[in-house]
Amino acid sequence: MPYFSDIQSIALFLTVIAAYFIVRRLPFERLVNDKQCQHLVFGSAVCLTLLWSIQTGIPGHPQVHFLWLAALPLVLGFRWAIVSSALALLSLTLFGIEPISMLGVNFLTGCLAPIALTYGIYSLSFHKLPKNIFVYIFLCAFIPGALTIGVKMLLLSGYYYLDGVYTWPVIVDNYLMITTLLLFPEGMFNGMTITLLIIYKPHWVFTFYDKHYLDSKN
């Protein structure tokens with residue numbers, strides 16, 4: 001029986017509540033009947049599982065990995081992105097790469113927060129800024145890519161400190177210091193993903209509309 005700290009128990013409780021409100025409005029009939037939806041949701045989950053399993057860091061200290069979560073809600077939409085990332089997280093937990101006691105914390109800090117941030121930036125830019133393809137790529141993919149990994153690492157650092165997992169000097173020296181090295185690559189990773197998709201597979205990108213971003217009148 002795994003031991004859950006108070007913070008881990010609260011995080012798991014919040015995860016269950018968030019999952020309920022997100023999943024209850026999903027059109028599962030589309031997932032059953034639409035082959036493309038199946039391929040994108042489950043294919044993204046497999047790619048995330050493989051990417052997240054490649055972790056680096058000093059043994060005995062917090063581990064880091066790329067997220068690739070800024071591109072996901074742009075491709076799948078907010079709710080399906082949550083489902084796909086949650087499937088990846090569950091896979092890592094079942095494989096023993098992530099402890100089950102961290103399931104709630106990992107979901108809130110590593111799935112929900114980054115995806116919500118990205119989709120919030122996209123929604124704000126769509127309604128408030130000119131609909132330009134360069135705005136879409138840089139403001140909705142590249143910049144959120146850098147922000148998401150920074151937010152995730154800051155939130156997880158707060159958990160490590162509050163739950164007494166690591167001391168603050170260890171967190172700063174062996175975790176937060178790495179953040180600056182990951183911001184640009186993470187942004188570039190997501191920006192290039194979206195750029196390639198809207199060039200070769202624009203019908204895969206749920207949030208990309210030709211009439212808005214490629215029509216010179218907009």
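Which helix holds L14? L14 sits in helix α1, which spans residues 6-23. The model described here is predicted.

## Helix α1 and its nonpolar patch

L14 helps to form a nonpolar patch on the surface. The patch covers about 620 Å². Its other members are I10, F13, I17, Y20 and F21. L14 itself is partly exposed, because its relative accessible area of 41% falls between the 20% and 50% cut-offs.

## One salt bridge

How many salt bridges does the structure contain? The count is one. R30 pairs with D34, and their closest N and O atoms lie 3.8 Å apart. That distance counts as a salt bridge because the cut-off is 4 Å.

Both partners are partly exposed. R30 has a relative accessible area of 33%. For D34 the value is 28%.

## Cysteines without disulfides

A disulfide is a covalent bond between the sulfur atoms of two cysteines. This structure has zero of them. C37 is in no disulfide, and the nearest cysteine sulfur, that of C47, is 15 Å away. The pair is not bonded because a disulfide needs sulfur atoms within 2.5 Å.

C47 is in no disulfide either. For C47, the nearest cysteine sulfur belongs to C111, at 15 Å. Are C37 and C47 buried or exposed? C37 is buried, with a relative accessible area of 4%. C47 is partly exposed, at 35%.

## W68 in a loop

W68 lies in the loop between α3 (35-52) and α4 (71-76). Its phi is near 65 degrees, a positive value in a residue other than glycine. Most residues other than glycine have a negative phi. W68 counts as partly exposed, with 21% relative accessibility.

## T93 in helix α5

T93 belongs to helix α5, residues 78-94. It is buried, with a relative accessible area of 13%. The T93 side chain reaches back to a backbone atom: the oxygen of L89, at 2.9 Å. This is a polar contact because the N or O atoms lie within 3.5 Å.

Which residues does T93 touch, not counting those up to four places away in sequence? They are E98, P99, I100 and L103.

## Two residues of helix α7

Helix α7 runs over residues 133-162 and includes G145. G145 is buried, with a relative accessible area of 0%. Leaving aside neighbours within four places in sequence, G145 is in contact with A70, E186, G187 and N190. H212 is 67 residues from G145 along the chain, and their C-alpha atoms are separated by 22 Å.

L147 is also found in helix α7. L147 is partly exposed, with 39% relative accessibility. Setting aside residues up to four places away in sequence, L147 touches L117 and I121. How far apart in space are L147 and L196? They are 21 Å apart, C-alpha to C-alpha, and 49 residues apart in sequence.

Notes: Residues numbered from 1 in each chain as written. Predicted model: local features only at pLDDT ≥ 70, side-chain atom pairs only at ≥ 80, totals over all residues. Heavy atoms only, no water. Patch = residues over 30% accessible without salt bridge, like charges linked within 9 Å, V, L, I, M, F, W, Y side chains within 5 Å. Areas by Shrake-Rupley, 256 points an atom, 1.4 Å probe, with all protein chains shown as cover. Salt bridge = Lys/Arg side-chain N within 4 Å of Asp/Glu carboxyl O. Helix = DSSP H or I, 4+ residues; strand = E, 2+ residues; numbered from the N terminus. Buried < 20%, exposed > 50% of the residue type's maximum accessible area, 1.4 Å probe, protein only. Contact = heavy atoms within 4.5 Å. Polar contact = N/O pair within 3.5 Å; in protein donor to acceptor, adjacent residues only side chain to side chain.
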